[in-house]
Structures are given as structure tokens and as C-alpha cells.
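Please open the model in a viewer and keep the sequence panel visible. The stops below suggest what to select next and describe what is found there.

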Amino acid sequence: MHDFIDKEPGKAIPYGVYDIVANAGCVSVGIDQRYSQFSVNSIRRWLDLMGRARHPGMDQLMITADGGGSNGSRVRLFKIELQKLADETGLTLRVCHYPPGTSKWNKDEHRLFCHISQNWRGKPLISRETVVELIASTSTRTGLTVRCELDTRRYPKGIKVSDAEMQTLNIKGDTFHPEWNYTISPRTPR
């Protein structure tokens, strides 16, 4: 996250999807807080901009996520938002959270964000436009490409998810650490 104080007050919060097969990243730069809705909307954006075209027969999506934060394993709103995505797309979502304290193992960190950080190293991040341009210009000798767009939505904070809402999820915990690994299927098959 980067805060701007002078000309453009607010934040620039990059959140990315790294496609291992395509060696491509899709990064959304949010202007609000890093909420569950923003996290899932970044996945939705990847699907719309890149995912469906690169993987046309896809019926499942594997999502690796940190153990904490807005997309943490105990965050009810993250699961509600994932259910909405599964219902909208017809995709079955396999979710694997990294155990607490191990988020640096995430491929996003090693294959995407480390290169983004190197690309903007020493450059003044003076505006959101600068952040987006620097992220989008990231590439590597091994063929990494990155698409980046600004997400100007304001996401509401303080949303509480009730036990009744959680009961509506079509979620099944895996046999190995079901608190970190689970599958969310569409409630109505397509």
C-alpha cells in the first residue's frame, strides 16, 4: 500500500492475480482499504480481462490466499464474496490459504510482486497513474507480463456476516486442514 498526501490524497493498494500457466499477472490498484470485496473483485477482473480468454474451457479455479488480512481463512465476508463469484461465473473455486506466518510462500510474492517492486525501485510514486504505469510495464526475461488497472470503487467497510448467511454457502472443507482448504461451488449448477 502506498499513501499519497500532497496532490492526490488517498491510497494506492495493489492486489494481484498471478496466472502460473501463462506467466502473467493482472493487478488491480485500489484507492480504498483492502477489503474482501476488493480482493474478490480483483479475481473477477482477471477472469474478465485475461482468464477466460487464456483458459476457455475452465470450470474450476484454484485460488491461493494468505492466511490473514482481507482474504484470510477466517474472514466470513471473503467467503460470501467468493460464493457470489462462483454463482456468477459457474466456476467451482478451490481455495487454499497459506498457514499463518507463511504468506511469503505465495507465488504472487515470488513471481509477480518481487518484479513489480524491482521495476519501481528508486522511482517516485507520485500518483496512482504512476503506480499503474510502473506495474503495467513490469516484465522479465522469462516472459512475465503484467496488466494493471485502477479500481476506483469505494468498498463499504464494517459489513457483518451473520451465521444465517454463512449457512447459505455451498462450501465443503477439504480433509486436510478444512479451516484453510475448502471448495466453494455454485449454488445452482449451470
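## A tour of the salt bridges, cysteines and sheet

Begin by selecting Arg-147, which is partly exposed at a relative accessible area of 36%. The model in view is a predicted one. Add Glu-149 to the selection: the two residues form a salt bridge, with 3.1 Å between the closest N and O atoms. Salt bridges with shared partners join Arg-147, Glu-149 and Arg-45 into one network.

Next, select Arg-45 together with Glu-149. Their side chains meet in a salt bridge, at 4.0 Å from N to O. The two partners belong to distant parts of the chain, 104 residues apart: Arg-45 lies in helix α1 (residues 36-54), and Glu-149 lies in strand β6 (residues 145-151). Arg-45 is buried, with a relative accessible area of 14%, whereas Glu-149 is partly exposed, at 27%.

Which residue forms a salt bridge with Arg-187? Select Asp-87, whose side chain meets that of Arg-187 at 2.7 Å, N to O. This pair also links distant parts of the chain, 100 residues apart, with Asp-87 in helix α2 (residues 76-89) and Arg-187 in the segment after β8 (181-184). Both residues are partly exposed: Arg-187 has a relative accessibility of 39%, and Asp-87 has one of 25%. The count for the model comes to eight salt bridges.

Now turn to the cysteines. How many disulfides does the model contain? The count is zero. Select Cys-114 and Cys-148 to follow the reasoning: the sulfur of Cys-148 is the closest cysteine sulfur to that of Cys-114, yet the distance is 16 Å, so the two are too far apart for a bond. A disulfide would require the sulfur atoms to be within 2.5 Å. Cys-148 is likewise in no disulfide, and the cysteine sulfur nearest to its own, in Cys-26, is 8.1 Å away. Is each residue buried or exposed? Cys-114 counts as partly exposed, at 28% relative accessibility, while Cys-148 counts as buried, at 9%.

For the next stop, select Asn-71, in the loop between β4 (60-65) and α2. Asn-71 is buried, with a relative accessible area of 3%. Display Tyr-15 as well: the side chains of Asn-71 and Tyr-15 make a polar contact at 2.7 Å.

Then change to a cartoon view and select strands β4, β5, β8 and β7. These four strands form an open sheet in the order β4-β5-β8-β7, with mixed pairing. At the edges stand β4 and β7 (171-173); each has a single partner strand, so one side of each is left without a neighbour in the sheet. From one strand to the next, the twist averages 20°. Within the sheet, strand β5 (residues 92-97) pairs with β8 in the antiparallel sense, over four bridges. To locate one bridge partner in β8, select Cys-96 and then Asn-181.

Finally, color the chain by pLDDT. The average for the protein chain is 88, and 91% of the residues score at least 70. Where is confidence lowest, and where is it highest? Strand β1 (residues 2-4) has the lowest confidence, with a mean of 50, and β8 has the highest, at 98.

How values were computed: Residues are numbered from 1 along each chain as its sequence is written. This is a predicted model: local features need pLDDT of at least 70, side-chain atom pairs count only at pLDDT 80 or more; totals for chains, interfaces and linings use all residues. Side-chain values use heavy atoms; hydrogens and water are left out. Helices (H or I, at least four residues) and strands (E, at least two) are DSSP runs, numbered from the N terminus. Buried means under 20% relative accessible area, exposed over 50%, partly exposed in between (1.4 Å probe, protein chains only). A polar contact is a pair of N or O atoms within 3.5 Å; within protein, one must be able to donate a hydrogen and the other to accept it, and residues adjacent in sequence count only if both atoms are side-chain atoms. pLDDT is the predictor's confidence in each residue, from 0 to 100. Two strands pair if DSSP finds at least two bridges between them. Axes are lines fitted to C-alpha atoms, for helices over the stretch in contact, and angles run from 0 to 180 degrees between N-to-C directions.
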